[in-house]
Amino acid sequence: MNILIVRVSSLGDVVHNMPMVSDIRRHYPDANIDWVVEEGYVGLVRMNPDVRRIIPIALRRWRKSLLSAATRAEISHFRQELKRDAYDVVFDTQGLLKTSVVMRMARLAPDGHRVGLANATEGSGYEPLSRLFHTRSVGVGLHTHAVLRAREVAAKALGYAVEGVAEFNMHPPAMALAEQPAWLPDMPYAVFFHGTARAAKQWPNSSWISIAAALAGRGLPVLLPWGSDAEKSNAEQLASQMRNAKVLPRLPLMEAVLLAQRAALVIGVDTGLTHIAAAFNRPTIELYCDSPRWKTEGNWSPQIINLGELGAPPTVEQVALAIDRLTK
């Protein structure tokens with residue numbers, strides 16, 4: 001059986017679709033599973049050995065130059081890659097018009113199906129017009145976790161039940177000592193994923209500073225990554241008030257994944273890199289300040305502690321207790 005998954009973005013959502021792949025492989029061990037994903041996340045999907053072929057798409061870049069010959073040539077090549085194989089099932093787990101159009105472009109095998117979401121979950125970016133391109137639409141509960149939502153769509157389409165803990169099956173490429181980035185410490189470290197695009201989802205700087213002081217007492221250095229000029233400025237401001245903190249250089253995605261995967265402790269707001277750390281079952285404290293916890297909380301390992309809720313950010317005391325639990 002040939003199966004295609006269309007999940008093009010974002011970082012956390014791509015990660016949250018990995019258990020769907022593991023479920024399919026468990027029930028259909030001989031299936032060929034391909035994946036359409038934004039070009040920036042190809043390395044992320046490549047970490048899953050159960051994905052046979054990755055088909056990069058560049059919607060974000062293409063829309064800036066749709067009339068150029070180079071862009072038209074890339075789009076033509078993408079269409080050829082999408083039609084190389086005939087698929088028995090094409091899944092669109094994103095539920096957007098743009099992803100359903102990509103689903104429609106894929107070549108179906110005789111009696112093949114295009115399967116997508118029948119409805120939104122609360123607060124999701126679902127677009128009902130996407131159903132026009134389905135041959136089967138799968139309904140999910142209003143408050144279905146992002147991981148479970150993708151698992152349920154696959155299970156209902158392929159005739160099995162969702163069972164067991166989510167398995168992400170992500171394996172970073174082996175790296176020789178000489179290949180490791182210069183910023184990577186040779187001792188245990190904590191990471192603060194403090195940055196997020198929406199200001200309301202951020203945790204107060206004063207709280208980060210208090211937690212850094214607590215970790216300094218344990219001899220644990222803190223690394224501060226950033227992804228924009230504003231986040232870099234904030235990281236520098238935080239580090240100036242933390243005696244055990246270091247601001248990292250700008251990291252490409254796969255080095256940021258390495259940062260999360262090697263950490264002794266991760267504390268982060270509701271953002272993609274925090275969810276990556278949780279997918280690796282690192283000791284992770286997820287901080288929910290202005291988003292509903294049920295949507296993305298790490299609920300598959302006792303190594304993950306989820307704190308806060310929409311409109312009710314966690315306190316320093318709660319985070320300190322969580323650190324005690326994870327570092328016993």
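Q: What makes two rings an aromatic pair in this predicted model?
A: Rings of Phe, Tyr and Trp pair if their centres lie within 6.5 Å. In this predicted model, the count by that rule is 4 aromatic pairs.

Q: Why is the pair of Phe168 and Trp300 called tilted?
A: The ring centres of Phe168 and Trp300 are 4.7 Å apart, with planes at 55°. Stacked needs under 30 degrees and edge-to-face over 60. The angle of 55° fits neither, so the pair is tilted.

Q: What makes this pair a tie between parts 132 residues apart in sequence?
A: Phe168 sits in the loop between helix H7 (146-158) and strand E7 (190-193). Trp300 sits in the loop between strand E11 (284-288) and strand E12 (304-308).

Q: How do you know that Phe168 counts as buried?
A: Buried means under 20% relative accessible area. Phe168 has 4%, so it counts as buried. Trp300, with 10%, is buried by that cut-off too.

Q: Why is the pair of Phe192 and Trp208 called tilted?
A: Their planes are at 40°, between the limits of 30 and 60 degrees, so the pair is tilted. The centres lie 4.9 Å apart. Phe192 is in strand E7 and Trp208 in helix H8 (residues 205-216), so the pair ties together parts 16 residues apart in sequence. Both residues are buried.

Q: Which residues form one aromatic cluster?
A: Phe192, Trp203 and Trp208.

Q: Why does Val101 count as partly exposed?
A: Its relative accessibility is 34%, between the 20% and 50% cut-offs, so Val101 is partly exposed. Val101 lies in helix H6 (residues 97-105). With Leu97, Leu129 and Leu132, Val101 forms a nonpolar surface patch of about 360 Å² accessible area together.

Methods
Residues numbered from 1 in each chain as written. Predicted model: local features only at pLDDT ≥ 70, side-chain atom pairs only at ≥ 80, totals over all residues. Heavy atoms only, no water. Phe/Tyr/Trp six-rings, centres within 6.5 Å; stacked < 30°, edge-to-face > 60°. Helix = DSSP H or I, 4+ residues; strand = E, 2+ residues; numbered from the N terminus. Buried < 20%, exposed > 50% of the residue type's maximum accessible area, 1.4 Å probe, protein only. Patch = residues over 30% accessible without salt bridge, like charges linked within 9 Å, V, L, I, M, F, W, Y side chains within 5 Å. Areas by Shrake-Rupley, 256 points an atom, 1.4 Å probe, with all protein chains shown as cover. Salt bridge = Lys/Arg side-chain N within 4 Å of Asp/Glu carboxyl O.
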